[in-house]
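This report goes through a few ring contacts and a surface feature. Please look at the sequence and structure first.

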Amino acid sequence: MSLEARKSSAASRVQRSVRSRIPLARVPQPTQDRMTPTWRQARPRRISDSLAVSQAQNSGGWFVAGVSADVPAAKSITRTIAGREVVFWRDTDGSLVAGPGACPHLGALLDGCAVADGTLLCRWHGYPLSPRGDRTWSPFRAYDDGVLIWVGLPVDGETPTSRPALPPRPPLDRSLSAVVSIRGICEPQDVIANRLDPWHGAWFHPYSFSHLVVDDKASDKKVLAVDVTFRLGRTWGVPVRAEFFCPDARTIVMLIVEGEGARSVVETHATPVGLDEQGRPITIITEATIAYSPRAGFKVATAMASMIRPAMRKTAKRLWVDDLVYAERRYRLRQRGEFPG
């Protein structure tokens with residue numbers, strides 16, 4: 001090999017090495033007048049067909065009720081889920097307990113009650129409630145997946161299951177997770193429909209996404225395969241391939257399958273709460289971002305989790321401020337019988 005050839009080969013190896021270490025790509029953000037419209041691909045019928053498939057799945061009566069860290073070791077919290085008051089606390093082994101949120105004695109809300117040796121003591125009179133229940137009070141199914149807490153309630157048309165249908169997740173002990181919650185006037189299906197329309201991503205959220213293309217050959221009514229660049233400014237981004245799918249009727253997941261952060265997931269859970277004063281449905285959107293990378297530098301990021309999580313939450317919340325406009329608008333149009341498709 002000539003000297004020039006050896007120099008060229010060495011330069012190529014250096015370039016490949018740099019690319020493997022730095023996932024950034026120079027992908028200038030196009031202005032909207034140079035972007036390809038996506039409305040032809042985002043057909044209302046196509047989205048509604050995928051939504052119908054998602055809504056036909058059995059959720060087993062499971063609802064996301066908050067973040068694992070919401071439930072302390074020695075005190076109870078309450079949530080309203082699907083119109084029911086639900087109390088949560090922890091047993092002596094740390095496992096999650098859930099049940100009706102009203103004390104069977106005189107109906108006190110069981111929020112902020114002391115827990116001693118796994119037994120909840122009602123704040124009003126110290127009425128004890130065991131995790132195993134008794135003739136006056138029966139616990140619900142409960143599950144803590146390490147990031148979120150779930151409660152299993154009786155739901156018409158849903159066959160109870162022992163555990164919620166969790167999507168594939170990266171190893172939590174080597175991941176960085178952040179959760180945001182936002183309240184909307186809509187139904188869970190409006191939240192799911194928003195994410196079953198990935199074509200709006202680059203147009204509606206240009207600060208976060210660009211160069212978004214749905215791979216039709218790799219997609220069907222259950223899975224949408226998407227190539228997209230996560231924006232890190234107007235010039236640089238991180239191209240990845242992701243898949244959107246619904247493990248149950250109230251959850252949609254974006255799983256990174258290729259590129260930087262492969263195995264990372266963004267889980268969006270839609271939990272119905274009840275009705276507001278005007279009789280409109282309230283839904284809590286809980287989005288868990290579980291980021292993962294095998295890179296050595298990612299260990300540093302996980303060690304700095306407390307500093308990074310606020311930025312992750314800010315990014316997720318900004319997206320959902322916009323997407324909630326989409327979901328609430330969809331609900332209002334449906335109520336007026338004006339929604340296309």
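## Charges over rings

The model is predicted. In it, the charged end of Arg-330 is placed over the ring of Phe-339, at 4.9 Å from the ring's centre.

A second contact of this kind involves a tryptophan: Arg-141 lies over the face of Trp-62, and the distance to the ring centre is 5.0 Å.

## Aromatic pairs

Two aromatic pairs are present in the structure. In one of them, Trp-89 and Trp-137, the ring centres are 5.6 Å apart and the planes meet at 35°. Planes under 30 degrees apart would count as stacked and planes over 60 as edge-to-face, so this pair is tilted.

The two residues come from separate parts of the chain. Trp-89 belongs to strand β4, which covers residues 84–90, while Trp-137 is in the loop between β8 (128–129) and β9 (141–144). The pair therefore ties together parts that are 48 residues apart in sequence.

Both rings belong to buried residues, since buried means under 20% relative accessible area: Trp-89 has a relative accessibility of 0%, and Trp-137 has 3%.

## A nonpolar surface patch

Leu-24, Leu-232 and Trp-236 make a nonpolar patch on the surface, with an area of about 300 Å².

Of this patch, Leu-24 is located in the loop between α1 (3–21) and β1 (25–26). The relative accessible area of Leu-24 is 39%, so the residue counts as partly exposed.

Notes
Residues numbered from 1 in each chain as written. Predicted model: local features only at pLDDT ≥ 70, side-chain atom pairs only at ≥ 80, totals over all residues. Heavy atoms only, no water. Phe/Tyr/Trp six-rings, centres within 6.5 Å; stacked < 30°, edge-to-face > 60°. Helix = DSSP H or I, 4+ residues; strand = E, 2+ residues; numbered from the N terminus. Buried < 20%, exposed > 50% of the residue type's maximum accessible area, 1.4 Å probe, protein only. Lys NZ or Arg CZ within 6 Å of the ring centre and 35° of its normal. Patch = residues over 30% accessible without salt bridge, like charges linked within 9 Å, V, L, I, M, F, W, Y side chains within 5 Å. Areas by Shrake-Rupley, 256 points an atom, 1.4 Å probe, with all protein chains shown as cover. Salt bridge = Lys/Arg side-chain N within 4 Å of Asp/Glu carboxyl O.
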